[in-house]
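Got your viewer open? Let's take a walk through this chain, one selection at a time.

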Amino acid sequence: MTSIKWVFEQSPEMGGASGEGFTNPLLGSGMEPAADLAREVIQNSTDAQVPGEKVRVDLRRVTLTGKEKQAFVEAMGLDPALTARRSYFNLPRGACLETLSDASAPLQLLYIEDYGTCGLHGSPTSRKSHFNRLLLSLGDGSKSTEAEGSGGSYGFGKSACSSNSRIHTIVAYTVFDPAKSGVAAKNHARLMGCGYFRSHDHEKLEYTGRAWYGNPVKGGRVEPLVDDEAHEYAERLGFRRRDLSERGT
């Protein structure tokens with residue numbers, strides 16, 4: 001399997017958005033974070049509806065302890081990649097990074113899964129793609145222009161998800177039609193984790209606070225796991241494995 005790991009983004013010379021910029025946009029909406037989450041994820045899913053399909057959104061809350069918790073923490077690489085920087089993040093008191101080594105302390109997970117949607121297709125590096133707009137860009141509310149329909153906007157979907165995580169961390173597992181990701185595209189599934197933290201200095205280097213959990217490549221870029229690796233890792237993280245016909249995220 002690909003050597004998956006956390007990679008923190010170093011601060012560019014010309015500046016850029018910090019990780020907090022991806023979690024804060026909805027905090028002043030006046031709505032409860034859970035209400036923002038429900039609104040955003042359901043809107044994103046209905047925007048990405050496949051014509052003729054009925055959209056379904058499932059939410060599952062899972063509590064892990066003991067060996068199941070230890071296995072998840074290992075699979076997500078949370079320790080030491082995130083625990084070593086915990087003091088920089090200014091996370092809420094009681095966030096799970098404080099008790100990762102305590103197998104008896106419950107670890108709460110929330111899974112949001114949609115069906116009847118087109119999934120996060122498109123090149124991960126293109127700002128027009130569903131994948132890029134949900135995980136990598138900020139506040140882009142434009143919808144993709146596709147023959148099949150409007151496509152999803154995902155403008156603040158990541159903010160709603162990450163602000164409802166006490167460690168501002170999300171994982172996306174998606175299955176889609178590879179034909180919609182470009183002529184040369186062959187992949188039908190992707191998995192990638194994202195963390196949106198405070199900007200900070202660590203070991204004499206400056207970081208934006210944005211972090212990705214995936215396959216590191218040259219130049220500081222991180223690519224998602226694809227196809228069989230994505231499916232296998234999704235199962236390790238507690239997702240329900242999807243076949244090629246179960247498109248969605």
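Before we click on anything, one term: a residue is buried when its relative accessible area is under 20%, exposed when that value is over 50%, and partly exposed in between. With that in hand, select Arg39: at 38% relative accessibility, Arg39 is partly exposed because 38% falls in that middle range.

Keep Arg39 selected and add Glu40. Their side chains meet in a salt bridge, 3.8 Å from N to O. Glu40 counts as buried, at 14% relative accessibility. Now add Asp36, and you have a network: salt bridges link Asp36, Arg39 and Glu40. Why can such pairs form? Side chains of opposite charge can pair when their charged atoms come close.

Time to zoom out. This is a predicted model, with an average pLDDT of 85 over the chain, and 81% of the residues score at least 70. Select residues 144–152 and be careful there, as the pLDDT is below 50. That stretch still has 27 contacts in the model beyond near neighbours in sequence. Switch to cartoon view and you can look for seven helices and nine strands. Of the 249 residues, 46% are buried.

Next stop: helix α3, residues 66–76. Which of its residues are buried? Select Lys69, Phe72, Val73, Ala75 and Met76. Look down the axis of α3: these buried residues fall within an arc of 165°, so they line one face of the helix. Here's the background: an α-helix has 3.6 residues a turn, so residues three or four places apart point the same way. On the face turned away from the buried side, find the exposed residues Lys67 and Glu74. What do the buried residues of α3 pack against? Their partners include strands β1 (5–10) and β2 (56–64), along with α7 (227–236). Right after α3 comes Gly77, with a positive phi near 65°.

Now select Glu113 and Arg240. They form a salt bridge, with the closest N and O atoms 3.8 Å apart. This pair links distant parts of the chain: Glu113 sits in strand β3 and Arg240 in the segment after α7, 127 residues apart. Is each one buried or exposed? Glu113 is buried at 2% relative accessibility, while Arg240 is partly exposed at 42%.

Last stop: Ala48, in the loop between α2 (33–47) and β2. Ala48 is buried, with 2% relative accessibility. Add Asp114 to the selection: the two lie 66 residues apart in sequence, and their C-alpha atoms are 9.8 Å apart in space.

Methods: Residues numbered from 1 in each chain as written. Predicted model: local features only at pLDDT ≥ 70, side-chain atom pairs only at ≥ 80, totals over all residues. Heavy atoms only, no water. Helix = DSSP H or I, 4+ residues; strand = E, 2+ residues; numbered from the N terminus. Buried < 20%, exposed > 50% of the residue type's maximum accessible area, 1.4 Å probe, protein only. Arc of directions from axis to C-beta. Contact = heavy atoms within 4.5 Å. pLDDT = per-residue confidence, 0-100. Salt bridge = Lys/Arg side-chain N within 4 Å of Asp/Glu carboxyl O.
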